[in-house]
Amino acid sequence: MSAAVIALLLGGAGIAIGATPAQAAETKFNVKCVPPAGGGDPVEGETTAKVSAPASAKVGDEVDVSWETVKPASNNTDLMDIPQDSVQPTGWITVGGGGGELKVVGEKKNPPIPKKAPMQMSTMKGKLKLTKAGKITLTPGKYDVAVTFSFGTFVTKCAPTGAVGVGATIDVAAGTSGGTTNGGATNGGATNGGATNGGATNGGATNGGTTAGGGGQTDFPGKPVEVAFDCGPVVPGGIKTPVTINAKKNGGSYDLTVKTAKGAMASPMALPAGALKPSMNIKLGGADSGMVKVSGPANAEPIPDKAPVSLSDMTGTYKPGKTGKVTLSPDQLTIDVTMAPGATPINVPCKAASSGVSLELDTTAQEGGSGSPATTGSTGSTSASGGLAETGAGDEGGIKALALVAGTVILLGGAVFTFTPWRRLRGTR
């Protein structure tokens, strides 16, 4: 319900209202939508948006503005169905005639969306404080679509690729100005050009990492950084995933927890318990140097056919060797694959071809701290870098394990596992 309607209901016939009934107009514009890591290629399409706002108001009024997506730029992918009430859109409307941006957010409310069906998003809403007389134009712009599954939230980011027409215009009359100005309008609490994505993580923040360490603080959350891993011929195309390094102070040291994106794809075959065990080197920079090894447990339960696949969180301890500001960045990832109890793990090393700072700490040197050499893989594991290594197994199970790893494509952003050689081997039996 708009501010004008509320004022009319409460004010009665003898009291003038500050804003006239809302007007809305549809605007069509082309956008490019970039899915999260592992979610496929970018998609370009046309979006139809309907922006609603009062036709007129006065300085000092706070008016309701909404953005309804009449036609989305694309359909749901053919990867998986989207559950009910799991889609939350967030948009940014350019406020002309004074500058600034208005952040509008929709409810997490939608019907179930089957594969390849049109996306359905709730109406995004926000409040705009009017601080300057004149004509204020409202033009839809970029928007994010966050989809939450039981195993994580994934954000697709869309932005216009060309000119966008004005969605609505407010004729603002002179009146008592209230609130802070933003060159003509304030944006209902969101910062100009710096709004977050409606509660979902976006995996692409920059600005040199999160600084932490002063006072009595003990928990230091890092920011997600997009990392590209090169795994050689074992994983064609490599791995791309957001990685987040979090720290908790423990005496003079820090307990680290490293998280990658959760699985969004179904496994094409059953995997036994203990099949996948991840580890990673965390590179130190700034005042300190060296590597910190973190590792995660293998999957405790078997992974059924077509079930989501994720790597476990990796933990380790950083003991500072220097005093000052120290940066922590994701470096080499290693995945040990064990297809049967007691079998020699097949070691898949993945070099960080591109990375970034996830966390910055203010540290105090500890005796015997940091500067440790990088450690990769598990003791006794067999490296798969540069081609398949011998496993020492001469039976059919060992051959199948080799075929399995040779055909594995691991995309942590979507946790996609493709077992083409396995299928071929199975088909020739």
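**Exercise 1. A salt bridge between two strands**

Task: In this predicted model, Asp219 forms a salt bridge with Lys248. State how far apart the closest N and O atoms are, where the two residues lie in the chain, and whether each is buried, partly exposed or exposed.

Solution.
Step 1. The closest N and O atoms of Asp219 and Lys248 are 3.1 Å apart. A salt bridge requires the nitrogen to be within 4 Å of the carboxyl oxygen, and this pair forms one.
Step 2. Asp219 belongs to strand E13 (residues 219-220) and Lys248 to strand E15, so the bridge links distant parts of the chain, 29 residues apart.
Step 3. Buried means under 20% relative accessible area and exposed means over 50%, with partly exposed in between. Asp219 has 43% relative accessibility and therefore counts as partly exposed. Lys248 has a relative accessible area of 41%, so Lys248 is partly exposed.

**Exercise 2. Two further salt bridges**

Task: For the pairs Asp144 and Lys157 and Asp313 and Lys259, give the N to O distance and the placement of each residue. Which residues of these pairs are buried, and which are partly exposed?

Solution.
Step 1. The side chains of Asp144 and Lys157 meet at 3.1 Å, N to O. Asp144 is in strand E8 and Lys157 in strand E9, 13 residues apart.
Step 2. Asp144 has a relative accessible area of 4% and is therefore buried. Lys157, at 34% relative accessibility, counts as partly exposed.
Step 3. The side chains of Asp313 and Lys259 meet at 2.6 Å, N to O. Asp313 is in the loop between strand E18 (290-295) and strand E19 (314-318), while Lys259 is in strand E16 (residues 253-260); the two are 54 residues apart.
Step 4. Asp313 counts as partly exposed because its relative accessibility is 24%. Lys259 also counts as partly exposed, at 33%.
Step 5. The whole structure holds 7 salt bridges.

**Exercise 3. The disulfides**

Task: How many disulfides does the structure hold? Describe each one by its partners, its handedness and its place in the chain.

Solution.
Step 1. The structure holds 2 disulfides.
Step 2. One disulfide joins Cys33 and Cys158, with the sulfur atoms 2.1 Å apart. Cys33 lies in strand E1 (residues 22-34) and Cys158 in strand E9 (residues 152-160), so this pair ties together parts that are 125 residues apart in sequence.
Step 3. The torsion about the S-S bond of Cys33 and Cys158 is about 115°, so this disulfide is right-handed. Both Cys33 and Cys158 are buried.
Step 4. The other disulfide joins Cys231 and Cys350, whose sulfur atoms are 2.1 Å apart. Cys231 is in the loop between E14 and E15 and Cys350 is in strand E21, 119 residues away.
Step 5. The S-S torsion of Cys231 and Cys350 is about 115°, so this disulfide is right-handed. Cys231 has 2% relative accessibility and therefore counts as buried. Cys350 counts as buried because its relative accessibility is 1%.
Step 6. With the bonded cysteines numbered in sequence order, the pairing is 1-2, 3-4.

**Exercise 4. The partners of strand E14**

Task: In which sense does strand E14 pair with E15 and with E21, and over how many bridges? Name a residue pair for each pairing.

Solution.
Step 1. Strand E14 (residues 225-230) pairs with strand E15 (residues 239-250) in the antiparallel sense, over 5 bridges. Ala228 stands opposite Lys240 in E15.
Step 2. E14 and strand E21 (residues 346-354) run antiparallel and are joined by 3 bridges. Asp230 stands opposite Lys351 in E21.

**Exercise 5. The nonpolar cores**

Task: Which residues touch the most other members of the largest nonpolar core, and which strand gives the most to this core?

Solution.
Step 1. The largest nonpolar core has 36 residues, of which Val65, Leu128, Leu138 and Ile170 touch the most other members. Strand E8 (residues 134-149) gives the most to this core, with 6 residues.
Step 2. Not counting residues up to four places away in sequence, Leu138 touches several residues, including Val51, Val65, Ile93, Leu128 and Ile170.
Step 3. Another core, of 35 residues, lies apart from the largest one; among its members are Val227, Val292, Ala307 and Leu328.

**Exercise 6. The whole chain**

Task: How many helices and strands are in the protein, and what percentage of its residues count as buried?

Solution.
Step 1. The protein has 3 helices and 23 strands.
Step 2. Of its 429 residues, 45% count as buried.
Step 3. The protein exposes about 19400 Å², and carbon and sulfur atoms supply 54% of this area.

Technical notes
Residues numbered from 1 in each chain as written. Predicted model: local features only at pLDDT ≥ 70, side-chain atom pairs only at ≥ 80, totals over all residues. Heavy atoms only, no water. Helix = DSSP H or I, 4+ residues; strand = E, 2+ residues; numbered from the N terminus. Buried < 20%, exposed > 50% of the residue type's maximum accessible area, 1.4 Å probe, protein only. Areas by Shrake-Rupley, 256 points an atom, 1.4 Å probe, with all protein chains shown as cover. Pairing = 2+ DSSP bridges. Disulfide = S-S within 2.5 Å. Core = buried A, V, L, I, M, F, W, Y, C linked by side-chain atoms within 4.5 Å. Contact = heavy atoms within 4.5 Å.
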